[in-house]
Amino acid sequence: MKEMIRMPAAKAVSFVLSVLGILLSVIGFLGAALCTECGFYSGQESASGLVDRAYRSEIGSIVEMCADQRSDALFSRYDPSATSLRYEILLDGGESCSNRSDGEVISGETVYYVSYVMSDKKRLVDYTYSSVSDTLQTDWDYAGENADGENEYSVHSMTVRMGISASGAVHDSYAFFLSLLNTAKSLRFAFIWFATAGMILFILANAALLAGAGRKPGTEEVVSGWQEKIPFDLYLVLFGGGALLSFTGFVFFVLDTFSPSDSLYLAMILGALALAGGALLSEMMIASAAVRIKAGKWWRNTLIYRILHRFYKLLEKIFGGVFGSAHSFFANLPFVWQGVAVVCAVLFGEFFLTLLMVSGGFFWGLLWLLYNVAAVLAAGTIILQLRRLREGAKAMAEGNLDFHIDTDGMPGILKSHGVDLNAIGEGMAKAVDQKMRSERMKTELITNVSHDIKTPLTSIVNYVDLLSKEAPENERMKEYIEALSRQSRRLRKLIEDLVEASKASTGNLSVDLQPCELGVLIEQTAGEYQERLEKCGLSLVVEAPDTPVRVMADSRRIWRVLDNLMGNICKYALSGTRVYITLEKGERARLTLRNISRDRLGVSPEELTERFVRGDSSRSTEGSGLGLSIAKSLMELQGGTLTLKIDVDLFKAIVELPLIGEKPDSNQPEE
């Protein structure tokens with residue numbers, strides 16, 4: 001989809017559809033406005049303001065001819081065989097005249113109430129009219145006497161009823177105007193659809209046009225055209241002014257169309273061309289603005305920026321030494337004092353312009369307003385840049401070390417801070433990468449060395465086993481063979497632990513999750529270690545609920561975890577104490593093992609689960625320091641957890657697994 005809208009043909013179609021959307025919207029809105037004014041939607045039809053405008057262009061001629069009693073000239077001007085305009089005039093003396101025929105259908109009737117002043121010489125002096133009698137001005141301020149001592153002026157009134165013949169016999173501008181209104185009435189609901197469809201088409205087509213503007217298929221590079229070579233402010237003046245003139249011309253020609261005129265059809269054609277030209281220029285501006293914004297730093301291609309930049313360069317050339325010293329002094333100030341200096345400068349400018357505004361006129365008030373707007377925009381820009389820095393620091397703190405803060409446009413100190421944050425992220429990413437490679441190398445080394453040692457060790461174990469079956473020559477040889485057998489088994493156990501720890505930490509250990517009952521596993525474990533615990537002087541206490549505790553786990557791996565934990569208890573628990581195994585049901589199944597340590601525990605619970613860490617710092621007992629690390633990794637592979645807690649000499653191991661088909665026991669106390 002993205003590649004398709006970047007194709008030249010797709011962009012051309014989007015451009016044409018956008019212009020068409022503007023045209024449909026304008027036609028729809030104008031038509032709906034006309035229908036609303038004429039009452040076509042409410043069913044209470046009335047002559048529109050446009051009709052009134054057409055009638056008012058003729059009212060002056062009608063009043064003048066009637067006042068001068070030129071009824072023949074009036075009838076000749078509005079001959080029914082030459083015009084569709086119909087009038088009916090009622091004078092205050094009861095006289096009337098009309099060009100209407102009996103039974104003729106008249107549309108768009110409007111009544112005008114006229115008051116006029118005549119001189120004693122039967123000449124029209126002044127007149128006024130209104131379509132509402134209550135608003136008609138009748139208090140004329142005309143006074144004077146003629147040579148005979150009579151009043152020189154007299155006030156008269158008339159009523160003029162105007163309309164358009166619906167016969168269609170005469171094809172003049174009024175007949176066209178009437179047909180246009182009838183067409184608008186028949187399309188009154190279509191205009192709503194035109195406006196709606198035009199807006200939807202305009203939005204969708206512009207979305208596609210803006211997405212594809214300045215792009216070519218297969219590349220993200222922004223490609224500028226001939227329009228983008230024109231400075232943006234000059235471009236807006238030329239094309240924006242052209243679009244504004246086009247739409248203004250369209251309105252003018254529309255109004256001219258709704259007036260009786262000999263150039264009716266010409267006005268319609270020019271209005272349509274003006275509307276199309278305005279829509280075309282508007283779309284060109286929208287597309288060009290999108291390309292400039294995508295290219296970035298669009299303000300640099302403006303005449304204002306070029307003038308200000310050259311002015312700045314000129315000032316820098318003239319006062320370069322002063323500016324350089326001031327900039328160096330400001331840059332070497334502490335961050336707090338830099339902020340204080342900027343705030344003081346802004347407040348001084350505010351105070352100075354406020355004084356000028358109070359003592360001056362409109363210009364200084366406008367300058368004060370622009371200064372404050374600029375200060376607010378600058379403060380908002382700095383706040384946005386600080387927000388960008390905060391979001392970058394937050395992303396890095398959350399572990400997204402690839403996040404890069406865009407420092408473009410930031411002032412010196414903020415840009416420096418952003419560069420430092422990016423450097424920290426890159427350094428942390430390198431450190432993490434090196435640590436990961438070190439861990440991989442360590443794991444590969446353990447795996448490879450363990451595999452290389454395993455083969456000769458197997459031969460040693462086998463030969464020691466064969467020697468143990470032979471009759472020894474003396475008792476000392478028997479002791480040697482037993483020592484070899486014991487140490488070779490210990491070495492084989494260490495190698496197996498190394499391989500298993502390596503696989504568990506990298507997730508390469510297979511886990512077969514099946515429903516299993518923890519209570520049964522605990523009973524088996526207790527039976528397996530009962531004799532060994534008694535030899536160590538330990539007594540085992542098992543507490544488990546009466547109901548089964550079913551979990552989804554690998555029974556072999558769970559047994560390995562329990563075996564490691566119980567093995568550590570046998571090695572390090574204080575003789576003559578109790579060992580507690582407690583099974584509980586809550587939101588998860590919880591298995592807790594507690595014992596009293598024989599020796600003081602000098603390491604933290606977190607350190608005990610690391611590799612090669614032993615609770616017996618003197619290393620007087622057998623063990624590799626891998627058991628708890630393996631147990632923790634095995635629990636994580638099964639979706640469970642292993643947590644260690646140490647309270648002085650009390651050692652506690654907590655194993656948790658999710659339950660199967662059981663609701664959490666809300667009465668179960670928390671640990």
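Quick definition before I start: two strands pair if DSSP finds at least two bridges between them, and strands (E, at least two residues) and helices (H or I, at least four) are DSSP runs numbered from the N terminus.

So, this one is a predicted model, where local features need pLDDT of at least 70, side-chain atom pairs count only at pLDDT 80 or more, and totals for chains, interfaces and linings use all residues. Residues are numbered from 1 along each chain as its sequence is written, and side-chain values use heavy atoms, with hydrogens and water left out.

Okay, the sheet. It's open, with five strands in the order 7-9-10-12-11, and the pairing is mixed. Strand 7 (539–543) and strand 11 (641–647) are at the edges with a single partner strand each, so one side of each has no neighbour in the sheet. From one strand to the next, the twist averages 15 degrees (axes are lines fitted to C-alpha atoms, for helices over the stretch in contact; angles run from 0 to 180 degrees between N-to-C directions).

Let's look at strand 7. Its pairing with strand 9 (residues 578–585) is parallel, over five bridges. Who partners valine 542 in strand 9? That's isoleucine 581.

Now the helices, where contact means heavy atoms within 4.5 Å. Helix 15 (residues 518–535) packs on the sheet and touches strand 7, strand 9 and strand 10 (588–596), with its direction at about 170 degrees to that of strand 7. Helix 16 (residues 555–572) also packs on the sheet, touching strands 9, 10, 11 and 12 (the last being 650–658), and its direction makes about 15 degrees with that of strand 10.
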